[in-house]
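Open the model in your viewer and keep the sequence panel visible. The stops below go from selected side-chain pairs to the sheet and back to a single residue.

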Amino acid sequence: MRVDATPDHLAQAAQVLQQGGLVAFPTETVYGLGANALNATAVARIFAAKGRPTFDPLIVHVSNLEMLQQVVQSISQPAQTLIERFWPGPLTLVLPKTKAVPGLVTAGLPTVAVRMPAHPIARSLIEQAGLPIAAPSANPFGYLSPTRATHVERMLGDKVDLILDGGPTQFGVESSILLLSNPPLLLRHGAVPLEDLEELLGPIELQINQAHRPLVPGQLPQHYAPRTPIELANPHTLSPQQKQDAGLLAFQHITPGFAAAEVLSPVGDLSEAASKLFEALHRLDTLGLSRIYAEAVPQHGLGQAIMDRLKRASR
Ligand code: TXA
Ligand code: MG
């Protein structure tokens, strides 16, 4: 059931979580599908609802530092610096886990991915539940992430106890994931641009393409995909035949001749484009198009996260 995130519904949602149920809720990145991270039975329901393989570990969401200490063993100096600068916000840190975190959450890894979301509804839900909340994006495994409650309702409506509607999300792409090894490794491009992390930490290595032994399934070559086949293309080089049953995902301007088109940011703002990306793809995906052609965006700032999602969605 989808409900507005009123104080009453928030209290109800917190109870559902305490009782081992599933609640979909907005974060500043995308909607998450939450369960009590300390309860393996509750967490198992997340995997079942998403059709997610259990080798794919979850992100644990906390609302304060005491909760963080329940799930991580130690916080290194660089981790501390990052927390002070970027939390609450869309940065996920991979840190050594405590025994309180069930192996199902981390897919048996000795580390746990954690973040403190900035969205007031997410913060308040976690705070009221009084529990760390495991929450992947609230979509079937491998499919487009949800940036609106109605996306969750359409994709997982019958599998979730409660969907808290808090309107469209702000960033529209998932959190950046950083493994604090020496040197630090970026595991997923996301809502905090790599440049901002490097400004604080110095050089960071990328480990975002692991087709054979993915650390993060977002690293699989195929992920974040709509049902309609999508490919990166320069719209100006396509023939009228190629365009006539196809959709265009444009960065700034529409090219004529497509059956449907979405523009991510007329002024060329990469943050605006990221926030519209999944929403535009959800819309195009409902139109029964033969194919979606996506135009490339500049690869700096949030452009890296956008291009990462588009390349992985391509087939
Ligand atoms: O913005 C986000 O991060 C959203 C919102 C809901 O917070 N969540 C999200 O979760 O994107 P999900 O499950 O779709 O992606 C989390 C990724 C997974 O691909 C998982 O493999 C990786 O985080 N991950 C989790 N634990 C890890 C660990 N211990 N080491 C490396 N990667 C890990
Ligand atoms: Mg996901």
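Select Asp56 and Arg52 in this predicted model. Both Asp56 and Arg52 are buried. Their side chains meet in a salt bridge, with N to O at 2.8 Å. The structure holds 13 salt bridges, and a few others are worth a stop.

Go next to Glu174 and Arg309, where the closest N and O atoms of the salt bridge are 2.9 Å apart. Glu174 sits in the loop between strand 8 (162-165) and strand 9 (176-179), and Arg309 in helix 11 (residues 303-313), so this pair ties together parts that are 135 residues apart in sequence. Glu174 is buried at 4% relative accessible area, and Arg309 is buried at 2%.

Now select Glu231 and Arg291, whose side chains form a salt bridge of 2.7 Å, N to O. Glu231 belongs to strand 12 (residues 230-232) and Arg291 to strand 15 (residues 291-294), distant parts of the chain 60 residues apart. Here Glu231 is partly exposed, with a relative accessible area of 30%, and Arg291 is partly exposed too, at 23%.

For a network of salt bridges, select Arg148, Glu262, Glu279 and Arg283 together.

Switch to a cartoon view for the sheet. It is open, has eleven strands with mixed pairing, and follows the order 1-8-2-3-7-4-6-5-9-10-11. Strand 1 (2-4) and strand 11 (205-206) are at the edges with a single partner strand each, so one side of each has no neighbour in the sheet. Strand 11 runs parallel to strand 10 (residues 185-188), joined by two bridges; look for Leu185 opposite Glu205.

Move to strand 6 (residues 111-115), where four of the five residues are buried, so the strand is largely enclosed by the rest of the structure. Strand 4 (residues 59-61) runs parallel to strand 6 and is joined to it by three bridges, with His61 opposite Arg115. Strand 5 (residues 91-96) pairs with strand 6 in the antiparallel sense over four bridges, and Val94 has Ala113 as its bridge partner.

Then show helix 2 (residues 40-50), which lies across strand 3 (31-36) and strand 7 (133-134) and runs at about 145° to strand 3.

The last stop is Asp285, in helix 10 (residues 270-285). Which side chain of opposite charge is nearest to Asp285? It is that of Arg227, 5.2 Å away; Asp285 is buried yet has no salt bridge. The side chain of Asp285 does make a polar contact of 2.5 Å with that of Thr228.

Terms used: Residues numbered from 1 in each chain as written. Chains lettered and ligands numbered in written order. Predicted model: local features only at pLDDT ≥ 70, side-chain atom pairs only at ≥ 80, totals over all residues. Heavy atoms only, no water. Buried < 20%, exposed > 50% of the residue type's maximum accessible area, 1.4 Å probe, protein only. Lys, Arg positive; Asp, Glu negative; His and termini not counted. Salt bridge = Lys/Arg side-chain N within 4 Å of Asp/Glu carboxyl O. Polar contact = N/O pair within 3.5 Å; in protein donor to acceptor, adjacent residues only side chain to side chain. Pairing = 2+ DSSP bridges. Contact = heavy atoms within 4.5 Å. Axes fitted to C-alpha atoms, helices over the stretch in contact; angles between N-to-C directions.
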